[in-house]
Amino acid sequence: MTEATGNANRMTTMKALVFHPPNRVALEDRAKPTIRQATDAIVRIITTSICGTDLHILKGDVPTIPDGRILGHEGVGIVEEVGSSVLGFCKGDKVLISVITSCGRCSFCKQGMYSHCRSGGWCLGNSIDGTQAEYVRIPFADNGLYLLPPKVEDEAAVMLSCILPTGLECGVLNGQVKPGDLVAIVGAGPVGLAALLTAQLYSPAEIIMMDLDDNRLEMARTMGATQVVNTSDGKALEQVMALTKTAGVDVAIEAVGCPATFDICQAIIAPGGRIANVGVHGKSVELHLERLWSSNITLATRLVDARTTPMLLKMVESGRLDAKKLVSHRFKLSEIMKAYDTFANAAKQHALKVILKN
């Protein structure tokens, strides 16, 4: 290959993390994305991350992901090109990429249910190529990008792509957390910790964080958890009941996505309480209606709509919300395989959110 050929290839190709079912990913050369619709934008990725959902994909919990898909749905980047109908952005703008793509016109979008947009929803790293690459195509760019204020650091902004709005909307808001509530969050991973940070905006009396990992529980204490419970000894129910004087909790937020953690939520919920599911479930769970049918509980599920992203961005910009504290590890995009290994072995590596820099 001549130097000229090599330069030409670099202009038309990029590095990207590609999924090969059932459970393999590889860093490969792929063609750079191009404008397909007038509402598209092409963004050069500066900072991206790995989400727990990406691990669920590798476990087979999201079987609709096709072979050859570029993974990732979080990112900050620079606009490289915009379609002729994009009004809010231009080449050179620094932007936050939202996990949710929305047309803004369909019946679901008009209800504010952007996650179920008939032309979008959770597309990136799912039905279209995602952000764990050097470049990404963003459909409906006017609705899926946010101009990044100069005061907001890239690493903090990436937390607003997915996990903070997810923790807030699917956990805190769906759980209807209110002042004085007793709240339990089952799962102290990044999304569980995002729920912890945002739950405090609503002044609950107690937030009990539950997990198998003592390191994550200690991090939860530093982020505002009033109590922590290690669930590894099988005595989580007894501990929560002791902490709540046998009453149970008003809100139980499931932030893992497995039968055992869903069972804990059912066991600790008080009469009149709310269970908010956040985790991605790849297996069936058992709903114990034989116990709960008379307990006046509410069970809520949701896919993040990212309606709260503008509010959260303002809070990060003002310093009211410290999103960067969720970051534990940093890698180059070229080290993404090492980054996945670190994130997949979070307990051993003491990993929370893993950042990838391009």
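These questions and answers cover the nonpolar cores and salt bridges of a predicted model.

User: Which helix gives the largest share of the largest nonpolar core?

Analyst: The largest nonpolar core has 73 residues, and Leu 193 and Leu 196 are among those with the most contacts inside it. Its largest share is 7 residues, and these come from residues 190-199, which form helix α7.

User: How many residues does the other core have?

Analyst: Another core lies apart from the largest one. Among its residues are Ala 184, Val 240, Phe 262 and Ile 264. Its residue count is 16.

User: How many residues apart in sequence are the parts that Lys 15 and Asp 29 tie together?

Analyst: Lys 15 forms a salt bridge with Asp 29, with the closest N and O atoms 3.0 Å apart. Lys 15 lies in strand β1 and Asp 29 in strand β2, so the parts tied together are separated in sequence by 14 residues.

User: Is Arg 69 buried or exposed?

Analyst: Arg 69 meets Asp 129 in a salt bridge, and Arg 30, Arg 69 and Asp 129 are linked in a network of salt bridges. Asp 129 has a relative accessible area of 27% and is partly exposed. Buried means under 20%. Arg 69 has a relative accessible area of 14%, so Arg 69 is buried.

User: What is the N to O distance in the salt bridge of Glu 153 and Lys 324?

Analyst: Glu 153 is in the loop between β7 and α5, and Lys 324 is in the loop between α12 and β14, 171 residues apart. Glu 153 counts as partly exposed at 45% relative accessibility, and Lys 324 counts as partly exposed at 29%. Their side chains meet with an N to O distance of 2.7 Å.

Definitions and conventions:
Residues are numbered from 1 along each chain as its sequence is written. This is a predicted model: local features need pLDDT of at least 70, side-chain atom pairs count only at pLDDT 80 or more; totals for chains, interfaces and linings use all residues. Side-chain values use heavy atoms; hydrogens and water are left out. A nonpolar core is a set of buried Ala, Val, Leu, Ile, Met, Phe, Trp, Tyr and Cys residues joined through side-chain atoms within 4.5 Å. Buried means under 20% relative accessible area, exposed over 50%, partly exposed in between (1.4 Å probe, protein chains only). Helices (H or I, at least four residues) and strands (E, at least two) are DSSP runs, numbered from the N terminus. A salt bridge is a side-chain nitrogen of Lys or Arg within 4 Å of a carboxyl oxygen of Asp or Glu.
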